[in-house]
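Good morning, and thank you for coming. I should like to take you through one structure, beginning with a single residue and ending with the contact between two chains.

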4 protein chains.
Amino acid sequence: MSDVFNEGDDVLLYLDAKRRYLVKVTKGREFHTHRGFINLDDLVGKRSGERTVSSLGVEFVALKPTVVDYILKFPRLTQIMYPKDIGLLLMYTGIGPGSRVVEAGVGSGALTTVLAYHVKPSGRIYGYEVEERFLENARKNLMRAYVIEYVELKHKDITTGIDETDVDVVALDLATPWTIVSHAYAALKGGGVFASFSPTVNQVERTVEALNVEGFIDVETIECITRNLKVKSGETRPVTVMIGHTGYLIFARKAWKR
Amino acid sequence: MSDVFNEGDDVLLYLDAKRRYLVKVTKGREFHTHRGFINLDDLVGKRSGERTVSSLGVEFVALKPTVVDYILKFPRLTQIMYPKDIGLLLMYTGIGPGSRVVEAGVGSGALTTVLAYHVKPSGRIYGYEVEERFLENARKNLMRAYVIEYVELKHKDITTGIDETDVDVVALDLATPWTIVSHAYAALKGGGVFASFSPTVNQVERTVEALNVEGFIDVETIECITRNLKVKSGETRPVTVMIGHTGYLIFARKAWKR
Amino acid sequence: MSDVFNEGDDVLLYLDAKRRYLVKVTKGREFHTHRGFINLDDLVGKRSGERTVSSLGVEFVALKPTVVDYILKFPRLTQIMYPKDIGLLLMYTGIGPGSRVVEAGVGSGALTTVLAYHVKPSGRIYGYEVEERFLENARKNLMRAYVIEYVELKHKDITTGIDETDVDVVALDLATPWTIVSHAYAALKGGGVFASFSPTVNQVERTVEALNVEGFIDVETIECITRNLKVKSGETRPVTVMIGHTGYLIFARKAWKR
Amino acid sequence: MSDVFNEGDDVLLYLDAKRRYLVKVTKGREFHTHRGFINLDDLVGKRSGERTVSSLGVEFVALKPTVVDYILKFPRLTQIMYPKDIGLLLMYTGIGPGSRVVEAGVGSGALTTVLAYHVKPSGRIYGYEVEERFLENARKNLMRAYVIEYVELKHKDITTGIDETDVDVVALDLATPWTIVSHAYAALKGGGVFASFSPTVNQVERTVEALNVEGFIDVETIECITRNLKVKSGETRPVTVMIGHTGYLIFARKAWKR
């Protein structure tokens with residue numbers, strides 16, 4: 001992608017840490033904020049990182065969005081997984097270019113999008129979602145983030161089984177992951193990685209029990225917490241309020257049965 | 001890569017959470033552990049995830065290593081960045097297939113390896129390292145992990161400048177990141193991401209000051225902490241001892257100057 | 001104190017975790033809440049822990065307040081120290097019945113109140129506060145919590161010196177604790193404990209430097225973080241939002257100089 | 001207690017953060033360390049905070065121990081509660097001079113000691129312990145710390161009932177706290193506080209369920225985590241390794257039943 005904005009391109013208009021807007025460069029359109037409006041025409045020909053001034057004289061910076069910028073701006077019908085948790089999942093599953101991944105439930109498509117971005121160009125995400133309206137919203141989100149071609153969305157209840165076999169990873173973000181453990185085992189190739197995200201300790205307990213019964217090995221449960229540091233010379237300190245908990249990530253690997 | 005082990009393949013021999021060994025399948029070689037030796041001949045033809053039994057009758061599982069398995073087993077001359085921090089860096093920089101990244105210092109090559117794995121096949125890592133013996137060790141590690149072809153290792157002191165321009169990301173893990181901020185600004189494309197990892201608050205303060213002076217925007221400092229949950233039905237609890245701190249990650253984006 | 005409420009007694013009206021009100025039992029008075037009003041007459045003769053019903057039929061529990069209930073309901077002109085931090089301070093200083101403690105700045109008197117409560121009946125708190133309106137508010141708060149008799153409030157700038165000698169503990173919660181280190185040394189008895197609470201890392205650095213220069217020993221800096229667990233059978237999880245940081249506690253002991 | 005050491009007094013010999021020894025001043029006795037021996041005679045007449053030099057010329061500081069110094073040096077037959085958790089318990093229960101507290105199990109007597117220290121002079125701790133050898137060790141520890149007179153140790157299984165009534169607080173550190181909830185309810189005065197410490201989430205769930213059934217109100221579960229900051233000018237950072245988890249503290253108050 002070129003660094004110069006053209007008509008139709010996405011642009012992240014950055015004002016400050018809390019105010020950033022994802023819009024499309026569109027001729028003849030204005031984008032209104034509490035700090036004045038921006039004439040979207042003006043962005044054509046600007047480079048990523050250039051400044052633009054609103055009708056009230058407030059400076060915004062026009063940025064090419066990253067994949068995380070996209071997911072944080074997705075229209076959501078469900079809670080999405082946080083970048084901190086997705087980053088850990090990427091590392092512990094080994095998902096990368098070429099990986100084949102089964103994912104459920106797709107929800108708003110945030111995890112799907114990041115995974116799709118990372119398996120490019122030869123990998124593939126098989127995304128299961130039982131709720132039709134979630135699926136349609138996710139489809140639009142995946143198109144917004146330009147990763148739809150790496151994803152096969154499936155309107156199917158994953159508790160009834162997984163169609164794919166020999167996949168590298170099964171990644172779950174759903175209410176009853178323990179009910180999918182056998183299906184995941186069947187779908188994974190030997191040594192493949194099971195990953196599951198759950199908010200409660202009870203979900204973790206049931207899932208880990210099921211993994212142990214099924215014969216998975218290297219079962220590990222991790223909580224990832226991030227805390228921002230407010231940096232100002234001579235007044236540096238951690239932030240006062242932080243996210244206390246999103247969920248636990250469970251990882252395990254498939255060993256063949258004796 | 002096939003799921004069947006051939007002569008010359010890497011295999012992770014998994015015994016339990018703390019004991020896992022990265023070896024090469026080699027005819028006529030034995031691998032000795034405290035739980036008996038494994039005849040490496042026996043692994044030829046086995047699939048990833050299959051079990052193998054040591055001379056003392058102890059069962060190991062033979063696994064195809066993931067990229068994180070490789071870095072955790074690298075011969076090290078330096079402290080390496082933890083997977084939790086690398087995962088966060090991946091997410092906040094938007095590094096993915098095709099990204100062009102300047103990295104310094106390479107150290108033992110752990111971050112380099114994961115970044116190279118994720119920019120495949122069309123991206124490139126430009127790895128700066130001033131210490132020759134680190135560079136040679138890193139080169140071997142990158143070869144071990146099969147990512148050397150995506151990396152250009154440079155025996156150069158990055159404080160004297162960066163050769164590349166228009167890069168997507170500059171990722172630093174060195175003692176004085178603030179001295180590189182101007183060079184990073186010059187090397188980055190507009191909207192490109194600066195990332196730096198530092199253990200101390202003082203390094204963070206100086207780097208953030210330099211970023212603010214240089215005109216970077218969206219400067220954010222994050223600490224990532226992971227805590228494992230020890231899951232056993234009816235006795236589930238967080239682990240007693242954990243890593244308290246590795247370092248802070250600073251992220252910022254390049255805006256063009258007025 | 002008897003467990004039966006009399007006219008003039010304090011009562012904590014508990015509705016739920018977030019709604020609790022500290023009022024005085026007063027004949028002929030009503031206390032109005034969003035869930036109806038409570039006739040304060042009705043509380044006379046009730047025991048602590050008894051239920052009372054508002055005009056809208058909502059049940060409140062009438063409780064004898066603990067010392068922490070008092071401080072959390074103090075009218076505040078300043079930020080107060082959290083119970084978690086006060087608890088740690090109590091433990092690391094050894095403050096208990098009979099202790100003599102210099103404290104500054106008094107602020108809203110929350111720490112003063114808890115310390116006074118714990119040095120009863122024979123100990124004493126010497127509370128320094130330079131700002132007159134803080135001092136007057138604190139005086140009222142100490143009377144509200146029935147601990148004023150154990151406290152000597154001093155309208156004095158502690159940076160000009162400490163009047164007392166041979167005290168067990170000097171406890172500081174002010175912007176520039178490093179300026180008090182010499183005074184604290186002079187005021188403390190041998191082996192006495194210096195304690196200081198500061199939000200920023202920079203304050204901690206300067207204070208610890210001053211302590212090391214002054215010849216204090218056993219210097220330790222601790223951050224105390226609490227996270228609540230949301231307990232519900234089958235859905236137990238840490239809370240989503242938590243306090244990320246209040247401040248650091250520094251402790252040190254006075255050794256006599258060589 | 002005077003600040004001058006006499007024969008028979010306890011002294012904490014401080015070398016550095018990790019090496020501190022609790023000994024008795026005894027004529028004609030030497031105390032041997034890896035850094036030389038100290039002639040305990042020499043301490044007679046020294047003030048708390050004075051330095052003493054070992055036979056190898058290494059300087060120790062002689063300190064009057066605080067109550068926490070005592071408990072950290074207790075001979076232990078059981079895991080003891082950490083000061084951070086005891087401090088939180090003190091704050092959330094309102095235990096202070098005059099409080100009457102039921103405690104079980106006594107274990108090594110660490111919590112008992114701190115509570116006894118804080119209820120002086122008019123309060124009382126009723127300490128239940130079913131294991132006789134624990135009780136005898138605890139008795140010695142309470143004598144060592146000079147708080148035995150405020151404690152009534154009871155060789156009794158608290159699951160069979162609590163003898164006391166109208167107590168201010170019931171504080172539990174045992175494997176099955178949910179089995180004591182009814183007894184605690186019976187023993188507490190109205191508005192009195194139940195407190196319990198448990199390492200596992202499952203213990204917490206069962207105890208909270210029992211508290212809700214019994215009609216306790218204001219039930220809250222808190223985890224307290226401390227992390228030390230390693231302070232050195234220009235190199236300040238949190239410590240690398242920390243305690244990840246000790247246990248959860250549950251608090252609740254007794255409301256009278258309808």
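In which strand of chain A is the place of A:Arg227? The residue lies in strand 12, which covers residues 216-230. Please keep in mind throughout that this is a predicted model.

Is A:Arg227 buried or exposed? Neither word fits exactly: a residue needs 20 or more other C-beta atoms within 10 Å to be called buried, and 12 or fewer to be called exposed. A:Arg227 has 18 such neighbours, and therefore counts as partly exposed.

Let us look at what surrounds this residue. Leaving aside residues up to four places away in sequence, A:Arg227 touches A:Pro238, A:Val239 and A:Met242 in chain A, and also B:Glu223 and C:Gly244. Its contacts thus include residues of chains B and C. As for A:Val239, twelve residues separate it from A:Arg227 in sequence, while their C-alpha atoms are 7.1 Å apart in space.

I turn now to chain A as a whole. Its domain assignment gives domain 1, residues 10-65, and domain 2, residues 69-254. The centres of these two domains, taken over C-alpha atoms, are 32 Å apart.

Helix 3 of chain A, residues 110-119, is mostly covered, with ten of its ten residues buried. Among them are A:Leu111, A:Val114, A:Tyr117 and A:His118.

Next, the relation between chains C and D. Chain D superposes on chain C after a rotation of 180 degrees, with 0.0 Å of shift along the axis and an RMSD of 0.0 Å. The two copies are therefore related as by a two-fold rotation axis. Within chain D, the C-alpha nearest that axis belongs to D:Gly87, at 2.0 Å.

How many residues of chain D are in contact with chain C? There are 58, and they meet 58 residues of chain C. Strand 12 of chain D, residues 216-230, gives the most to this side, namely twelve residues. By class, the side of chain D that touches chain C holds 27 nonpolar, 14 polar and 17 charged residues. Because 100% of the interface residues of chain D are also interface residues in chain C, the copies meet through the same surface.

Finally, strand 12 appears once more, in the pairing of these chains. Strand 12 of chain C and strand 12 of chain D run antiparallel and are joined by nine bridges. One example is C:Asn228, whose bridge partner in strand 12 of chain D is D:Ile222.

Thank you for your attention.

Notes: Residues are numbered from 1 along each chain as its sequence is written. Chains are lettered from A and ligands numbered from 1 in the order in which they are written. This is a predicted model: local features need pLDDT of at least 70, side-chain atom pairs count only at pLDDT 80 or more; totals for chains, interfaces and linings use all residues. Copies are superposed by least squares on the C-alpha atoms of residues with pLDDT of at least 70 in both. Two residues are in contact if their C-beta atoms, placed from the backbone, lie within 7 Å. Helices (H or I, at least four residues) and strands (E, at least two) are DSSP runs, numbered from the N terminus. Domain bounds come from an automatic or database domain assignment. Ala, Val, Leu, Ile, Met, Phe, Trp, Tyr, Cys and Pro count as nonpolar, Asp, Glu, Lys and Arg as charged, and the others, Gly among them, as polar. Two strands pair if DSSP finds at least two bridges between them.
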